[in-house]
Amino acid sequence: LNMTTAYVALPNIQGNLSAGPDQVGWIITTFVVASAVGTILTGWLGTQLGRRRVFLGAIAGFTLTSALCGWATSLEELVFYRAIQGFVSAPLLPLSQAIMLDIYPRRRHGFAMSIWSMGMILGPVIGPTVGAMVTEWYGWRYVFLLNIPMGFLAFAGVFLTLPEGVRRPQPLDWIGVATLIIAVVSLQMMLDRGERLDWFNSTEIILELSVAVIAFYLFVVHSLTHDSPYINVAIFRDRNFVVGLALIFMFGVAVFSSLFILPVFLQKIQDYPVLAAGWMTSVRGVGTMIAMMMGGFLADRLPAKYLILTGVICVGAASVLMTTWTADVGGLEIAWLTMLSGFGMGVMWVTLTTVTFSTLAPEFRTEGAAMFALIRAIGASLGTSIIVAVIVRSSQINYIELRDHITPFNNPLRDALPTWDLNTIAGLAALQKLIVTQAETIAYLNAFAFLVAVAVATAPLIFLLRKTR
């Protein structure tokens, strides 16, 4: 929930703290980058300190930093607290997943993952709606302060029920960890700032990409030649796990970028108020909830690859139909296609999470869950960056193309706009607004087409999954 509520509050934070658009973006960037670093260290911390201690520490740290974010008096303070929040809360997702897989027998993993996925997917889905309501009624600070009572409840529940896990203290491969952190942080920075800095026309972006490539190369070479590397290469002998990582990367690219598109489309193209856009977006959660309730039952009875394929088809079909939208598309059509996409998301997520770990040895679960979360986050960052680039560049190109047809000699245009006097400033302003809206609409259709391409590219990978008993 915390991942996506902050997106809606950014304009209010910007005005309240007197920050520029580029500066306020660091509130999201620092959280994502710090989360990536924390996720990398999750596996080692879990084996060194025990999963119970790390899990309780992550909840406590998340709750404390939420309070600090809500009480921040300057942008610098807020960015600093968000960075700490991202780092300390990173173990929550992978550790909770590993714990769920451990406390349920393997035959009930589908059921366990459907429960776990409700929180994992519904949080980001309803986040924009909750963020819009809280920001509108109480102010942006309560987006963070809302986490405090939930944090206390979570800490108490986990403290009373979660048993201590097995501790296997081992030395940390500092070279492997350092090179992987440098690679991931550089890649995340490049993806987040690329569109603002015009990508490879910027020296900073070229430098960040170069550092990421070199660091990742050193990490791979070190892992293959070191006696006890940070990531045990034996984990990659499990075919389902490797294919699952590839699929969750594609899932992150397609699904989390689609969560970004719809609220912006509704507000910019159709002039929906923030609250109305939030409610319309929450329809996706209905489809996801239906899939979650069916997912555990189906995952234990039907072949995983066909369930994942069903989810991909639903997401792809919804995206195909979205490419036919106009600026005047009706709310009913938006709602049912959004629900279909949400259903596909839910089916994919529950089944994919189950099958990825279906054949993985129990001793690799914490490490595997951390890697699963990291790859998903990188896919989400990459997908969002591509979507933003497509929308921004397509809008500019489409505007220029459409503008070139606006001449006094275009009689069909003049006939189509009989109520506008193009010899007046008001008439020209109305025409310009129409052209801008149409150019941006086409840009969003191009973004939906990108999601279709990702769905098509994902489908062949599904058939590489090994059948499990």
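Here are some informal notes on the predicted model shown above, point by point.

1. Let's start with charged pairs. Side chains of opposite charge can pair when their charged atoms come close. How many salt bridges does the count come to? The count comes to 2 salt bridges, and each gets its own point below.

2. Look up Arg51 and Asp102 to find one of these salt bridges, where the closest N and O atoms are 2.4 Å apart. Arg51 belongs to helix H4 (residues 51–70), while Asp102 belongs to helix H6 (residues 92–103). The two residues are 51 apart along the chain, so this pair links distant parts of it. Is Arg51 buried or exposed? Arg51 counts as buried, because its relative accessibility is 16% and the cut-off for buried is under 20%. Its partner Asp102 has a relative accessible area of 34%, so Asp102 counts as partly exposed.

3. Now turn to Lys268 and Glu440, whose side chains meet in a salt bridge with an N to O distance of 3.5 Å. Which helices hold these two residues? Lys268 lies in helix H12 (residues 239–268) and Glu440 in helix H19 (residues 425–462), so the pair ties together parts that are 172 residues apart in sequence. As for how covered they are, Lys268 is partly exposed at 45%, whereas Glu440 counts as buried at 17% relative accessibility.

4. Next, the surface. Phe216, Val220, Leu224, Val233, Phe236 and Val242 make a nonpolar surface patch of about 510 Å². Which helix gives the most to the nonpolar patch? That is helix H11 (residues 203–225), with 3 residues. If you want one residue to click on, try Leu224, which sits in helix H11. Leu224 counts as exposed, because its relative accessibility is 65% and exposed means over 50%.

5. Helix packing comes next, beginning with helix H3 (residues 26–49) and helix H17 (residues 365–403). Their axes are 8 Å apart, and the packing angle is about 160 degrees. Why is H3 called roughly antiparallel to H17? The angle between them is about 160 degrees, and angles over 145 count as roughly antiparallel, so H3 gets that label relative to H17. The crossing of H3 past H17 is left-handed.

6. Try the reasoning again on H15 and helix H16 (residues 331–356), which pack at an angle of about 155 degrees with their axes 8 Å apart. That angle makes H15 roughly antiparallel to H16. H15 passes H16 in a left-handed crossing.

7. Finally, a pair of distances to try with your viewer. Pro303 is in the loop between helix H14 (283–299) and helix H15 (304–322), and at 42% relative accessibility it counts as partly exposed. How far apart in space are Pro303 and Lys467? From C-alpha to C-alpha they are 7.4 Å apart, although 164 residues separate them in sequence. For another pair, go to Met280 in helix H13 (residues 274–281). Met280 counts as buried, with 14% relative accessibility. The C-alpha atoms of Met280 and Ala377 are separated by 25 Å, and these residues are 97 apart along the chain.

Key
Residues numbered from 1 in each chain as written. Predicted model: local features only at pLDDT ≥ 70, side-chain atom pairs only at ≥ 80, totals over all residues. Heavy atoms only, no water. Salt bridge = Lys/Arg side-chain N within 4 Å of Asp/Glu carboxyl O. Helix = DSSP H or I, 4+ residues; strand = E, 2+ residues; numbered from the N terminus. Buried < 20%, exposed > 50% of the residue type's maximum accessible area, 1.4 Å probe, protein only. Patch = residues over 30% accessible without salt bridge, like charges linked within 9 Å, V, L, I, M, F, W, Y side chains within 5 Å. Areas by Shrake-Rupley, 256 points an atom, 1.4 Å probe, with all protein chains shown as cover. Axes fitted to C-alpha atoms, helices over the stretch in contact; angles between N-to-C directions. Parallel < 35°, antiparallel > 145°, perpendicular 65-115°, else oblique. Left-handed = near helix turned anticlockwise from the far one by under 90°.
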